[in-house]
Amino acid sequence: MKLSSRLDRIKPSATLAVEARAKELRAAGVDVIGFGAGEPDFDTPAHIKDAAKRALDAGQTKYTPVAGTKELRDAVARWLSDAHGFSIAGGDVIVSCGAKHSLANLFLALLDEGDEVVIPAPYWVSYPDLVAMAGGKPVIALARAEDGFLLRADALARAITPRTRALVLCSPSNPTGAVYTQADLEPIARLCVERDVLMISDDIYRTLCYGVTPGHVARCGEEARSRTILVDGVSKAYAMTGFRIGFCAGPRKLVTAMETIQSQSTSNPTSIAQAAALEAITGPQDSVGEMRAAFDARRRRMGELLRAIPGVSLVEPRGAFYAFPDVSAITPDDLALTRVLLDEHRVAVVPGTPFGAPGHVRLSYATSMEKIEEGLGRLRAGLEAIRATRA
């Protein structure tokens, strides 16, 4: 059977592949500790699950408007307005089946064949593929470890061409945990305004910052705000990854175009999940702070254990729930390394190459402290064994 040439542009998700392999081994009875999954290990808070149950009992099981219920869109607009300090209207919001779906709709609505999107590396593995699926060209700009994995304006300037439509920023970052301050973002926003480049701000981890005040490009002046598109959702902040609800807020013309695309793909997001998301962002917020405090404790412990391994260097993560150590002093082949760690040492980490950073690995600390202690012990033993064979 002949398949679409579109498949030549994209690759399966490396993070999902690692987690799937770890699950296969566990199903076969192998004791594997996984640091691959990009989702909170906490249960969805009870009041959110109760809202989903109430929606079922109330018969909220029919189609909703394609862009989401008016109640949820208005609530999202208030939630984002409160978070960022400027006014967003409900009509400027579209609800989709997860933030990844929001990004897919966005690139399909925004890009013509050959249009370019600048993506700082290290990057979330799906950004280049989502751009390519929409016919665009991902252009990679290096965010250096010595700069804390933060993109600098000079690197962005070198990446921008007459075909550049947008820049993608993710803060806090997946995979590095880097967080941009307002001072970091001002020169980037000025350059994007000068070059008329849209700024796509992936804010899915914005509630998970540790000891740093995050900035936002939309707060860099009115011209920057008019060129900013916000992508957010409930997956990370409220431990709702399986509910698949994401949001996009931006210029009305773009949001309407995304609605047209969504109308011919998924139609509306799940009605019951929308009811749960409404409760998440309007109900009690205690769980957000509790999860953040737990992640912070795990972050600090994982950092201590990683920095104690000879040959490993780590830029301190300031947000999200990932550590992204450099292991190139032990072996430059992170792809082979992760296979050895999983098959021989029963610890699952994600290679850095699919994130645009060979020689690194990504570990999620969205797991228990007990597993962090045990898993980092296995990781150290594996790295030391590999180092010994190369000595």
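A salt bridge is taken here as a side-chain nitrogen of Lys or Arg within 4 Å of a carboxyl oxygen of Asp or Glu. In this predicted model, the side chains of Arg378 and Asp31 meet that criterion, with an N to O distance of 2.5 Å. Arg378 belongs to helix H13 (residues 369–390), whereas Asp31 sits in the loop between H1 and strand S1 (33–34), so the pair ties together parts that are 347 residues apart in sequence. The two partners were assigned to separate burial classes: Arg378 is buried, at a relative accessible area of 9%, and Asp31 is partly exposed, at 45%.

The count for the structure comes to 25 salt bridges. Among them is the pair Arg21 and Glu24, with an N to O distance of 3.5 Å. Both residues lie in helix H1 (residues 14–27), three residues apart, or about one turn of the helix. Arg21 is partly exposed, with a relative accessible area of 36%. A salt bridge with the same spacing of three residues, about one turn, is found within helix H11 (residues 286–307) between Asp296 and Arg299. The N to O distance in this pair is 2.8 Å. Asp296 is buried at 19% relative accessibility, and Arg299 is buried at 8%. Asp296 and Arg299 are also part of a network of salt bridges that includes Arg300 and Glu316.

Seven strands form an open sheet of mixed pairing, in the order S2-S8-S7-S6-S5-S3-S4. Strands S2 (93–96) and S4 (137–142) stand at the edges; each has a single partner strand, so one side of each is left without a neighbour in the sheet. From one strand to the next, the twist averages 25 degrees. At one edge, S2 pairs with strand S8 (residues 246–249) in the antiparallel sense over four bridges. Within this pairing, Val95 stands opposite Phe247 in S8.

Strands S5 and S6 pair in the parallel sense over five bridges, and Cys170 stands opposite Asp202 in S6. Helix H7 (residues 182–195) lies across both S5 (164–170) and S6 (198–202), running at about 165 degrees to S5. Five of the five residues of S6 are buried, so this strand is largely enclosed by the rest of the structure. Both of its faces are covered, with Leu198, Ile200 and Asp202 buried on one side and Met199 and Ser201 buried on the other.

Ile200 of S6 also features in the largest nonpolar core, which holds 100 residues; Phe107, Ile200 and Leu376 touch the most other members. With neighbours within four places in sequence left aside, Phe107 is in contact with Val117, Leu130, Val131, Ala134, Val168 and Ile200. Another core, of 28 residues, lies apart from this one and has Ile48, Val76, Trp79 and Ala277 among its members.

A search of the whole structure found zero disulfides. The closest cysteine sulfur to that of Cys170 is in Cys209, at 11 Å, which is too far for a bond, since the cut-off for a disulfide is 2.5 Å between sulfur atoms. Both cysteines are buried, Cys170 with a relative accessible area of 10% and Cys209 with 14%.

Several backbone features fall in loops. A cis peptide bond joins Ala121 and Pro122, with omega of about 5 degrees; Pro122 is found in the loop between strand S3 (116–121) and helix H5 (126–133). The peptide bond from Ser171 to Pro172 is likewise cis, with omega near -5 degrees, and Pro172 lies in the loop between S5 and H7.

Positive phi values were found for two residues that are not glycine, Ser267 and Arg346. Phi of Ser267 is near 60 degrees, and this residue lies in the loop between helix H9 (252–263) and helix H10 (271–282). Ser267 counts as partly exposed at 25% relative accessibility. Arg346 has a phi of about 60 degrees and is located in the loop between helix H12 (334–345) and strand S10 (347–348). At 33% relative accessibility, Arg346 also counts as partly exposed.

Key
Residues numbered from 1 in each chain as written. Predicted model: local features only at pLDDT ≥ 70, side-chain atom pairs only at ≥ 80, totals over all residues. Heavy atoms only, no water. Pairing = 2+ DSSP bridges. Helix = DSSP H or I, 4+ residues; strand = E, 2+ residues; numbered from the N terminus. Axes fitted to C-alpha atoms, helices over the stretch in contact; angles between N-to-C directions. Contact = heavy atoms within 4.5 Å. Buried < 20%, exposed > 50% of the residue type's maximum accessible area, 1.4 Å probe, protein only. Core = buried A, V, L, I, M, F, W, Y, C linked by side-chain atoms within 4.5 Å.
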